Amino acid sequence: MMNTDLLCGNHTCTSYSRKHPILDGSHAPVRYHGMISREAADQLLSVAEGGYLIRESQRQPGTYTLALRFGNQTRNFRLYYDGKHFVGEKRFESIHDLVTDGLITLYIETKAAEYIAKMTINPIYEHIGYTTLNREPAHKKHVPVLKEAPDGKEPLAEDANLEERLTSLVRRATLKENERTPKYEKVHNFKVHTFRGPHWCEYCANFMWGLIAQGVKCADCGLNVHKQCSKVVPNDCKPDLKHVKKVYSCDLTTLVKAHNTKRPMVVDMCIREIESRGLKSEGLYRVSGFSDLIEDVKLAFDRDGEKADISVNVYEDINIITGALKLYFRDLPIPVITYDAYPRFIEAAKLTDPDEQLEALHEALKLLPPAHCETLRYLMGHLKRVTLNEKDSLMNAENLGIVFGPTLMRAPDLDAMASLNDIRYQRQVVESLINNEDILF
């Protein structure tokens, strides 16, 4: 959509250059008139509604302006080029497409301003299809049932001073939340999209107007909505396998929702293979496998998914499987311990009191998305079993923390010194998670 605010020229993007000829879609020169004034452009365009030209600014040489005739007025827009032409958010392959979209936008804004305002600024979503069709039935509130005491005795009242009498060990055990049920919510991955033919918003059910880049489309599930509507769409993305093309480097929640699993298949399959034949392997996870074969495992998962063959018949060296698992975690766009939760885990590691540290870790775990938390729980249980074979593998919780600290968590910023300073705390986080796996998860 064209934006008259751009007339002030406060945009910071790269402007046009004479090194890049201004061409239309057929590679024929467009109406470029060199360095002329606004008045001259207005006079040239006054003869034809919908006409346009491009001129170089007299006030700011080296910058270019699109002059467009609409509504018996000449409108001027600062013009930019970064491989595509644009005057606002939308990018266009040709000036012709930009002008066509602009004229349609200006016409609709003029003739249907009231409708557009209702549609994009203050829509009433309660009465439309998406909200109605996707509303979950109200669940009955769980009412606890008071069980009768045996032998007709009255139930004992809760001791108000129970907390004071709890030992440290028992208090740790009370941190465990058995009732935690994963809710695999996922935000939509919206991208600006150009639709062919008439399209309606799947959220508000209104027409998606315009010729080019009419709205946004979720790259994971294919939901089509207005850009404005995308801000209020619930986090209910259900990724489709036809949109999710790979396993490695795919968002963790996206992958498990697309395959309808609790955890990523890579994690389950690699851990099963490791536990079936590798728990007693010396230096497990510390010793590196052959990088080319690890890459083969990655390609096999990306190509075949859960049908990938990682058995001993194909990969005899268990270090190849451990390497593939570590590579999966490193390749995640959002680490298992997410950027948002990272500071809370580091703060917990800095605490010196064991009980306070455990409680802080417990609170930090609540910040993880359910799919991330479930994956971390499963992995920590596996690593705990690795430590039980320390006599053969020579891998204890501290050694595994050194290996998995930087693998499972990465600093949100790119400050190299801060990242180096956090390495020991990353190790402590993983070490504590392994040692207290049965309490924290």
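User: What makes strand 1 and strand 2 a pair?
Analyst: In this predicted model, strand 1 (residues 32-35) and strand 2 (residues 52-56) share 2 bridges. Pairing requires at least two bridges, so strand 1 and strand 2 pair, and they do so in the parallel sense.

User: Which residue in strand 2 is the bridge partner of Tyr-32?
Analyst: Tyr-32 has Ile-54 as its bridge partner in strand 2.

User: What lies in the β-α-β unit with strand 1 and strand 2, and why is the unit called right-handed?
Analyst: Helix 1 (residues 38-45) completes the unit with strand 1 and strand 2. The unit is right-handed because, with the strands pointing away from the viewer, the path from the first strand over the helix to the second runs clockwise.

User: How do you know that helix 11 and helix 16 are roughly perpendicular?
Analyst: Helix 11 (residues 342-350) and helix 16 (residues 416-435) pack at an angle of about 85°, with their axes 9 Å apart. Angles of 65 to 115 degrees count as roughly perpendicular, so helix 11 and helix 16 are described that way.

User: Which residues meet where helix 11 packs on helix 16, and what classes are they?
Analyst: From helix 11 come Tyr-342, Phe-345, Ile-346, Ala-349 and Lys-350, which meet Asp-422, Tyr-425, Gln-426, Gln-428 and Val-429 of helix 16. By class, this contact has 6 nonpolar, 2 polar and 2 charged residues.

User: How many helices and strands does the protein have, and what percentage of the residues count as buried?
Analyst: The protein has 17 helices and 8 strands. Of its 441 residues, 44% count as buried, that is, they have under 20% relative accessible area.

Key. Residues numbered from 1 in each chain as written. Predicted model: local features only at pLDDT ≥ 70, side-chain atom pairs only at ≥ 80, totals over all residues. Heavy atoms only, no water. Axes fitted to C-alpha atoms, helices over the stretch in contact; angles between N-to-C directions. Helix = DSSP H or I, 4+ residues; strand = E, 2+ residues; numbered from the N terminus. Parallel < 35°, antiparallel > 145°, perpendicular 65-115°, else oblique. Contact = heavy atoms within 4.5 Å. Nonpolar A, V, L, I, M, F, W, Y, C, P; charged D, E, K, R; others polar. Buried < 20%, exposed > 50% of the residue type's maximum accessible area, 1.4 Å probe, protein only.
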